[in-house]
Structure formats: C-alpha cells, structure tokens
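I am opening my notebook for a walk through this model. My plan is to begin with a ligand and then see where the trail leads.

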Amino acid sequence: MKLLVTGGAGFIGSNFIHYWLRTHPEDTIINIDKLTYAGNIENLASIQDDPRYTFVKADICDKNAVEKVVKQVDLIVHFAAESHVDRSILDPEVFVKSNVMGTYTLLESARKNGNIRFHHISTDEVFGALKLNTRAKFSEVTPYDPHSPYSASKAGSDHLVRAYFDTFGLPVTITNCSNNFGPYHFPEKMIPLAITNIIEGLQVPIYGDGLYVRDWLYVEDHCRAVDMVIGKGTIGQTYCIGGMSKDVSNKEVVQLICELMGVDFEASAKYIKDRPGHDRRYAIDWSKIKKELGWEPQHDFKTALSHTIQWYRDNESWWKRIKSGEYRAYYQKQYQAKS
Ligand code: NAD
Ligand code: TYD
C-alpha cells in the first residue's frame, strides 16, 4: 500500500512513520510537511535514505502540491495541524488556516482523485471539559463543545471530514485521542517541558492550581490504535483513544516526573498564572475501540514515563537544538509575564 502521511515531521506523525515502516515493511510512505516550528526533519533522519520513504516539503493548504502527492497514494493519514493550545491563544489565525483549510484541501483532493481512503487524526479537546471528581468520560457520542481556538479549529476539521463522508461518500475514519507523550515530543508541551527543564536545572511551570486532569496516552499505543482503525475500522465511524483508567492531575504528573528523575518537587515546581479558558478535566471512554477492534493500551503510565525520561536524557542534542531556536522567544513571551 502507498500512504500519504501529513505532518509526518511532527511528534506523532514521525512516531507513526517509524512505527508503520517497522510493522508494514512492504508499504511506501510520502510525508508532506510544511516544517513549521514544530516540524523537525531530524525525527526521520534514520530513514531519510530508505527507498520506501519520500519527503515533500509543502503546505497542506497548497492545492497543487497536495494534488501531486494525493494522486500517487491509496491512503491518506492526516496528522498535520497546529497543535498547541497556548499558541492558539497567542495567534489563532494559522490554526484556522492549517487545521480547517488544510483539511478541506486534502479532502477535496481525495474526493477528486477517486475517493481515496482518508484517516483523520483528531483530539479529545473537541468535546470541551469534564468536571473534576466525577466518573464522566468523553465517548464517540459526546456533543462537541470546544473552548480554545485550537480545539475549535480541530472540531471544524472533524465536521468537514464527516460531511465528506455523508455528502460525497469519501471513505473516512476519525480518531479522537487524548494527550500523547513519548519520544520526539516538542518541549513546549507539559511532559517534555517538565523533563527538559529539570535536566537543565530550571523550574517546571504549573498552570493555576495544578489540579487539571489529562488522559495520557503513550504515542506507541496511539500509533497501534490508528493502524487498527485503518485496517479494521468501519468506514464513516469515529473511535476514541485514551491511555488511562484513573485520573491523574498535572501536579501528580510533575510529582511523578520529579520522583523518577530524583529531584525534589517543592523546589522544582513553580505555580504560575492559569491559561485562559483552561479545560478542567479530560477522560476518555475507549470501550468502543476495545470492543470492536480489540485495541487497548499496552503501556502503563509510570513505565512509559520512565522510558520517555530516558529518551530525553539520551537525546539531549535533539531538544537542546530546539530550545535554543525560535522556542526561546516563545518561552519568554509565554512564561515571563505569568511568573
Ligand atoms: P506537532 O505540532 O508535533 O506536529 C505537527 C506537524 O504538522 C509538524 O511537523 C508541522 O510542520 C506540520 N504542519 C503544521 N501545519 C502544516 C501545514 N499547513 N502544512 C503541512 N504541514 C503542517 O503535532 P502532534 O502533537 O504530532 O499532533 C499531530 C496531530 O495529532 C494533530 O492533528 C493534533 O491535533 C493531533 N493530536 C495531538 C495530540 C497530542 O497530545 N500531541 C493529542 C490529540 C490529537
Ligand atoms: P499541554 O501539554 O499544553 O496539552 P493540552 O493543553 O493540549 O492538554 O498541557 C497539558 C496540561 O498541562 C494542561 O492542563 C496545561 C498544563 N500545563 C502546565 O501546567 N504547564 C505548562 O507549562 C504547560 C505547557 C501545560
């Protein structure tokens, strides 16, 4: 099979390409990526000369560039997006462009070139927020209620994907996953930010009271879930993917990272001004994908977090290069005023 992966130079996309070439050695992949600040071609350095892999630097909003690659493939796996909530608060426009218009451009091209199979990667953030200390969870039937420009733009893209199924019969599937973590995670997100700050001897910023809850999913488990949905999922359907069975607050996540890295939490953490519109709690009911496709997470949170910490210890040059570039200006803008 010939795949088009969008956003394959980002965190999850690059993990997915490595995963796919390992588990489907007969397939070929074209990776289309604009290489925004979050795209890093180094993530794919080990396969750059692999004859099964081709890289195309282009924007998914560029109709002609998209058309050229779409014509060559049997399946599109769509990861490309602006993905960071905090940046969507600082500058929403590019989120609407890449996440909504970019998805539209891909869908339109898939439709015009023989209704190419399309798998769309989305997020649990489209469902809004759950209350703390309840048993409520997001599932495939939860109504959409996005709060940030990021989640609103992802919700828009999900609606378009469903519309292309309902209106044009485009063979689509959607997955809404929770917060991923693991290797190649850009250090603006909470877990890699905490790990790399601790290695550098810096404090870990915790927003608000730190009692916010996220459902953490190891990226390898996510890649396997997407693989199963592509292979066995029902066309037109959505599958929710999560990694946890009990709530863990951001404070507890940072405490665990401190424990695993052998530093004192009180000295290492710093509570700062909260994010506006901060969603209190995410939790995923992943029983549909378990029941229909037999998927469940294979990595427990603490062990996967230890592997992730080890990866950042072993790959300092990877994240140090990132942290010394554009990231530095972003970090100052995002954190200095809030301390
Ligand atoms: P990321 O920010 O690490 O990577 C995104 C990639 O997309 C980058 O390589 C970037 O260069 C590329 N890109 C952005 N705009 C583009 C454009 N207009 N044209 C071409 N390429 C473009 O993101 P990620 O964390 O790997 O997330 C991948 C997908 O998974 C996104 O759709 C995101 O919404 C979704 N998701 C992520 C998480 C998470 O925890 N990271 C959770 C749920 C859903
Ligand atoms: P993040 O990794 O940005 O993912 P998302 O906002 O998409 O869930 O944030 C995860 C949680 O951690 C979220 O509740 C915000 C919080 N957070 C902090 O407390 N400090 C930080 O420096 C960052 C980046 C996030």
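**Entry 1: ligand 2**

I began with ligand 2 and counted 19 residues around it, the closest being Glu 125, Arg 214, Arg 275, His 278 and Tyr 335. I am keeping in mind that this is a predicted model.

Next I looked up polar partners. Tyr 335 has a side-chain N or O atom 2.6 Å from an oxygen atom of ligand 2. I also noted two asparagines: a polar side-chain atom of Asn 179 lies 2.9 Å from an oxygen atom of ligand 2, and Asn 250 likewise places a polar side-chain atom 2.9 Å from an oxygen atom of this ligand. How much of the ligand's own accessible area does the protein cover? I found 97% of the 510 Å² that ligand 2 has on its own.

I then sorted the shell by class and got nine nonpolar, four polar and six charged residues. By element, H3, helix H6 (190-199) and strand S8 (204-207) each supply at least two residues of this shell. The largest share is from S8, with three residues.

**Entry 2: helix H6**

Since H6 turned up in that shell, I checked its burial. Eight of its ten residues are buried, so I wrote it down as mostly covered, with the cut-off for buried at under 20% relative accessible area. My list of the buried ones reads Ile 191, Pro 192, Leu 193, Ala 194, Ile 195, Thr 196, Asn 197 and Ile 198. After H6 I came to Gly 201, which has a positive phi, near 75 degrees.

**Entry 3: ligand 1**

I turned to ligand 1 and found 28 residues around it; Ile 12, Asp 33, Ser 83, Tyr 150 and Lys 154 come nearest.

Which residues place backbone N or O atoms by this ligand? I noted Thr 36, with such an atom 3.0 Å from an oxygen atom of ligand 1, and Ile 60, with one 2.9 Å from a nitrogen atom of the ligand. From a side chain, Ser 98 brings a polar atom to 2.9 Å from a nitrogen atom of ligand 1. The protein covers 97% of the 830 Å² of accessible area that ligand 1 has on its own.

My class tally for this shell is 13 nonpolar, eleven polar and four charged residues. H1, strand S5 (117-123), helix H5 (149-168) and strand S7 (179-181) each supply at least two residues. Which element gives the most? My answer is S5, with three residues.

**Entry 4: a serine in H5**

I stayed with H5 a little longer to look at Ser 153, which lies in that helix. Is Ser 153 buried or exposed? With a relative accessible area of 3%, Ser 153 is buried. Its side chain makes a polar contact, at 3.0 Å, with the side chain of Asn 99.

**Entry 5: rings**

I then went looking for aromatic pairs and found 20 in the structure. I picked out Phe 16 and Phe 79: their ring centres are 5.1 Å apart and their planes stand at 50 degrees, so I logged the pair as tilted. Why did I put this pair down as a tie between separate parts of the sequence? Phe 16 is in helix H1 (residues 11-23), while Phe 79 is in the loop between strand S4 (75-78) and helix H3 (85-90), so the pair ties together parts that are 63 residues apart in sequence. Phe 16 counts as buried at 0% relative accessibility, and Phe 79 does as well, at 11%.

The tryptophan pair I chose was Trp 311 and Trp 318, with ring centres 5.2 Å apart and planes at 75 degrees, so this one went down as edge-to-face. I checked burial here too: Trp 311 is at 15% relative accessibility and counts as buried, and Trp 318 is buried at 5%.

Coming back to the phenylalanines, I traced ring pairs that link Phe 16, Tyr 19, Trp 20 and Phe 79 into a cluster.

**Entry 6: charges over rings**

My last look was at charged ends placed over rings. Arg 87 has its charged end over the ring of Tyr 37, 3.5 Å from the ring centre. I noted a lysine case as well: the charged end of Lys 288 sits over the ring of Tyr 239, at 4.7 Å from its centre.

Definitions and conventions
Residues numbered from 1 in each chain as written. Chains lettered and ligands numbered in written order. Predicted model: local features only at pLDDT ≥ 70, side-chain atom pairs only at ≥ 80, totals over all residues. Heavy atoms only, no water. Phe/Tyr/Trp six-rings, centres within 6.5 Å; stacked < 30°, edge-to-face > 60°. Helix = DSSP H or I, 4+ residues; strand = E, 2+ residues; numbered from the N terminus. Buried < 20%, exposed > 50% of the residue type's maximum accessible area, 1.4 Å probe, protein only. Lys NZ or Arg CZ within 6 Å of the ring centre and 35° of its normal. Near = heavy atom within 4 Å. Polar contact = N/O pair within 3.5 Å; in protein donor to acceptor, adjacent residues only side chain to side chain. Areas by Shrake-Rupley, 256 points an atom, 1.4 Å probe, with all protein chains shown as cover. Nonpolar A, V, L, I, M, F, W, Y, C, P; charged D, E, K, R; others polar.
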